[in-house]
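Work through the exercises below with the model open. Try each task before reading its solution.

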Amino acid sequence: MVAAGPISNWDVEKVRRDFPVLAQSVNGKPLVYLDNAASSQVPQCVIDRTSKYLAEEHSNIHRGVHYLSQHATTAYEAAREKVKRFINAPDVKECIFVRGTTEGINLVAYSYGKRFIEPGDEILVSQMEHHSNIIPWQQVARERGAWVTMIPMNERGEILIDEYENLLNERTKMVAVAHVSNALGTVNPIKEMIATAHKFGVPVCVDAAQSVPHFPVDVQDLDADFYVFSGHKMFGPTGSGVVYGKREWLDKMPPYQTGGGMIRSVSFEGTTFAPIPEKFEAGTPAIAAGIGLGAAIDYINSIDFEAAAAYEHELLEYATERLAGIPGVKVIGTAAKKASVLSFTVEDVHPHDIGTILDQQGIAVRAGHHCAQPVMQFFDVPATARASFAFYNTREEVDKLADAVQKVIEVFA
Ligand SMILES: Cc1ncc(COP(=O)(O)O)c(C=O)c1O
């Protein structure tokens, strides 16, 4: 078993105090929040920053000449600058604000597809993708007369890299792959996968929804063409998210949505578009959410994120050992490299029943297909229960989870 006690430089109790929601009880028991892959909790500083904006600074941004508009614009654009530094993007203009990963991948798929995908072309999508990184590509393929081909995985939930390399060919126009699988926790070797795709001149769209909350990321080091994530999974507000895209692609791609804020000039003879990022940001954005995302990045920068990642990993290993040690429990997703996610089934018990019984103990986990039905089909299960961790979870919470799962087995025995 993994050594007891916190890792040397991670004070989990101190961090927990930053997240007010964690202090409450649910069903008469202290809340054990293990649904971080669905949405993480929000620290007080993000709540305060968002409230301050709404209470004192709110106005529509860009183009306003008055004080509040300029003030709000400065705050919003400062948040974009924080995003740039957070992922080490070369240029702040390559960071487009969206409402979340789903909207971001749809933006990339439709806009890239319209410009670059031709009949007979192929899009490679890994078997472990969230539906948000499958369906937009299927729809675009249908519209463009192209097709989607699955990159298969093995029984541990790891992409078959040899098969991936064999699938790449001169008709491949995009590779869509998650950095971290939300259903299995697998950390994919995306740096290597990107390098391989680039040998064929193929860009890669990385679904980063589950990576940015868990370890530092450098899009230049990865050489990612598109890197897409949601604010609400990284301690920020819902309604915030980012598409990082290389300028060489974004400049050539048409707008995804059109309207106010994204034009250079409009007449009934025709319209010309603003440069990036405005070209992809039609309409009034989620200003409070964007500023809140900036505050979430400030928060992550204020902690030792490397130590947080190491702590979380230790927690995941401990939880895996505890649950895998219970007869009747099967861990789904046993890749050599994993982050945050522990999917499991209990023999003869439906995952929804697991979720309900755990909830009675104050333990929040997710039960279902996790918007990854191809993963469920591969493992031949209708659904799994999923505990997903953040750096504010504790070993005591893991123990409570394991005890509660044991109780589930007793109830159904
Ligand atoms: C890997 C992955 N991709 C995409 C999404 C969709 O994110 P959102 O609902 O924030 O758009 C999720 C959400 O669970 C996810 O885990």
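**Exercise 1: a strand pair**

Strands β11 (residues 263–267) and β12 (residues 270–273) run antiparallel and are joined by four bridges. The model is a predicted one.

Task: Find the bridge partner of S265 in β12, and state how many residues the hairpin uses to join the strands.

Solution.
- Step 1. Start at S265 and cross to β12; the partner there is T272.
- Step 2. Follow the chain from β11 to β12. The hairpin passes through two residues.
- Step 3. Go on past β12. The loop between β12 and α10 (287–302) holds P277. The peptide bond from I276 to P277 is cis, and its omega is near 0°.

**Exercise 2: the ligand site**

Task: List the residues around the ligand, sort them by class, and pick out polar contacts to ligand oxygen atoms.

Solution.
- Step 1. Collect residues with a heavy atom within 4 Å of the ligand. They are A37, T101, T102, H130, S132, N182, D207, A209, Q210, S230, H232 and K233.
- Step 2. Sort the shell. Two residues are nonpolar, eight are polar and two are charged.
- Step 3. Look for N or O pairs within 3.5 Å. Q210 places a polar side-chain atom 2.7 Å from a ligand oxygen atom. H232 also has a polar side-chain atom 2.7 Å from an oxygen atom of the ligand. T101 uses a polar backbone atom, at 3.4 Å from a ligand oxygen.
- Step 4. Check the cover. The ligand alone exposes 390 Å², and the protein buries 84% of that.

**Exercise 3: the seven-stranded sheet**

Task: Give the strand order of the seven-stranded open sheet, and explain why one side of each edge strand lacks a neighbour.

Solution.
- Step 1. Read across the sheet: β4-β10-β9-β8-β7-β5-β6, with mixed pairing.
- Step 2. Go to the edges. β4 (95–98) and β6 (147–151) each have a single partner strand, so one side of each has no neighbour in the sheet.
- Step 3. Add the twist. From one strand to the next, the average is 20°.
- Step 4. Inspect one pair inside this order. β5 (residues 122–126) and β7 (residues 172–178) pair in the parallel sense over four bridges. I123 has M174 in β7 as its bridge partner.
- Step 5. Place helix α4 (residues 101–116). The helix lies across β4, β7, β8 (204–207), β9 (226–230) and β10 (241–245). Helix α4 runs at about 155° to β9.
- Step 6. Link back to the ligand. T101, in the ligand shell, falls in the residue range of α4.

**Exercise 4: the four-stranded sheet**

Task: Work out the order and edges of the four-stranded open sheet, then name the helices that pack on it.

Solution.
- Step 1. The order is β13-β14-β17-β16, and the pairing is antiparallel.
- Step 2. The edge strands are β13 (329–332) and β16 (366–368). Each has a single partner strand, so one side of each is left without a neighbour in the sheet.
- Step 3. Neighbouring strands are turned by 30° against each other on average, direction ignored.
- Step 4. Take the pair β14 (residues 341–346) and β17 (residues 384–388). Four bridges join these antiparallel strands. V341 stands opposite S388 in β17.
- Step 5. Add helix α11 (residues 305–324). This helix touches β13 and β14, and its direction makes about 5° with that of β14.
- Step 6. Add helix α14 (residues 395–412). This one touches β13, β14 and β17, at about 15° to the direction of β14.
- Step 7. Leave the sheet through the loop between β14 and α12 (351–360), where D348 is found. Phi of D348 is near 65°, a positive value in a residue other than glycine.

Terms used:
Residues are numbered from 1 along each chain as its sequence is written. This is a predicted model: local features need pLDDT of at least 70, side-chain atom pairs count only at pLDDT 80 or more; totals for chains, interfaces and linings use all residues. Side-chain values use heavy atoms; hydrogens and water are left out. A polar contact is a pair of N or O atoms within 3.5 Å; within protein, one must be able to donate a hydrogen and the other to accept it, and residues adjacent in sequence count only if both atoms are side-chain atoms. Accessible areas come from the Shrake-Rupley method with a 1.4 Å probe; for residues, only the protein chains shown count as cover. Ala, Val, Leu, Ile, Met, Phe, Trp, Tyr, Cys and Pro count as nonpolar, Asp, Glu, Lys and Arg as charged, and the others, Gly among them, as polar. Two strands pair if DSSP finds at least two bridges between them. Axes are lines fitted to C-alpha atoms, for helices over the stretch in contact, and angles run from 0 to 180 degrees between N-to-C directions. Contact means heavy atoms within 4.5 Å.
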